[in-house]
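Let's walk through a protein model together, one question at a time. Have the picture ready, and try each question before you read on.

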Amino acid sequence: MESIPNKITDTMGIVADVNLLYENDLQYIEIIIDKYPSLISYHGKYFYRSGSTMRTITGKELDKAILKSQGRTWDGMPIPKLQVTDLKREAIDLFKEKALRRQRLTEEETRVDDIILMKKSI
């Protein structure tokens, strides 16, 4: 069996190995596509492989997948126009308590003004 390796790229940005193979009097091609770590975008739509089919991904599922591909989660994303004064006092106190317990902040760091603390924590 003889093969002639070649690389092709389709319009979705997928790079595939293409081999022209011969067996007896038959000639055929072999296409090898490695698993991609990120979503595939085509004409503004995102797709992912599920088994042997491609599925369109939209909405919250798309948001979650994009964040995951960047190594982030929804709770680590800034909220535009949110002010510290919009937060409940109990939420800020709980944040400080958990930050101390998990040793992400020192006691001294939790005593600063809430606005400074929240900017530092981002």
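**Pocket, sheet and helices**

Q: By class, which residues make up the lining of the second largest pocket: how many nonpolar, polar and charged?
A: Keep in mind that this is a predicted model. The pocket has a volume of about 680 Å³, and 21 residues line it. Sorted by class, the lining has eleven nonpolar, four polar and six charged residues.

Q: Which element gives the largest share of the lining of the second largest pocket?
A: Strand E5 (45-50), strand E6 (53-57) and helix H1 (59-69) each bring at least two residues to this lining. The closest residues to the pocket centre include Tyr-48 and Arg-49. The largest share, five residues, belongs to H1.

Q: In what order do the three strands of the open sheet with E5 stand?
A: E4 and E5 run antiparallel and are joined by three bridges. E5 also pairs with E6 in the antiparallel sense, over five bridges. Put these pairings together and the order is E4-E5-E6.

Q: Why is one side of E4 and of E6 left without a neighbour in the sheet?
A: The three strands form an open sheet in the order E4-E5-E6. Strand E4 (40-42) and E6 each have a single partner strand, so one side of each has no neighbour in the sheet. The reason, then, is that both stand at the edges.

Q: What is the average angle by which neighbouring strands of the sheet E4-E5-E6 are turned against each other?
A: The pairing in this sheet is antiparallel. Leaving direction out of the comparison, neighbouring strands are turned against each other on average by 40°.

Q: At what angle does H1 run to E6?
A: Look for H1 where it lies across E5 and E6. Compared with the direction of E6, H1 runs at about 100°.

Q: Which residue in E5 is the bridge partner of Ile-40?
A: Begin with the pair E4 and E5, which is joined by three bridges. These two strands form a hairpin with two residues between them, where His-43 takes a positive phi near 55°. Across in E5, the bridge partner of Ile-40 is Phe-47.

Q: Which residue in the turn between E5 and E6 has a positive phi of about 70°?
A: E5 and E6 pair over five bridges, with Tyr-46 standing opposite Ile-57 in E6. The two strands make a hairpin with two residues between them. The turn residue with that positive phi is Gly-51.

Q: Which residue in E3 is the bridge partner of Asp-17?
A: Strand E2 (residues 15-23) and strand E3 (residues 26-32) run antiparallel and are joined by seven bridges. In their hairpin, Asn-24 takes a positive phi near 55°, and Glu-23 stands opposite Leu-26. For Asp-17, the bridge partner in E3 is Ile-32.

Q: Which residue meets Asp-93 in a salt bridge?
A: The structure holds four salt bridges. In this one, the two residues both lie in helix H2 (residues 89-101), four residues apart, or about one turn of the helix. Their side chains meet at 3.2 Å, N to O, and the partner of Asp-93 is Arg-89.

Technical notes:
Residues are numbered from 1 along each chain as its sequence is written. This is a predicted model: local features need pLDDT of at least 70, side-chain atom pairs count only at pLDDT 80 or more; totals for chains, interfaces and linings use all residues. Side-chain values use heavy atoms; hydrogens and water are left out. On a 1 Å grid over the protein atoms alone, a cavity is a set of points where a 1.4 Å probe fits but cannot get out, and a pocket is an open set with protein on both sides within 12 Å along at least five of seven lines; lining residues have an atom within 4 Å of a point. Grid points are joined across faces, edges and corners, and a volume is the space filled by probe spheres set on the points. Ala, Val, Leu, Ile, Met, Phe, Trp, Tyr, Cys and Pro count as nonpolar, Asp, Glu, Lys and Arg as charged, and the others, Gly among them, as polar. Two strands pair if DSSP finds at least two bridges between them. Axes are lines fitted to C-alpha atoms, for helices over the stretch in contact, and angles run from 0 to 180 degrees between N-to-C directions. Contact means heavy atoms within 4.5 Å.
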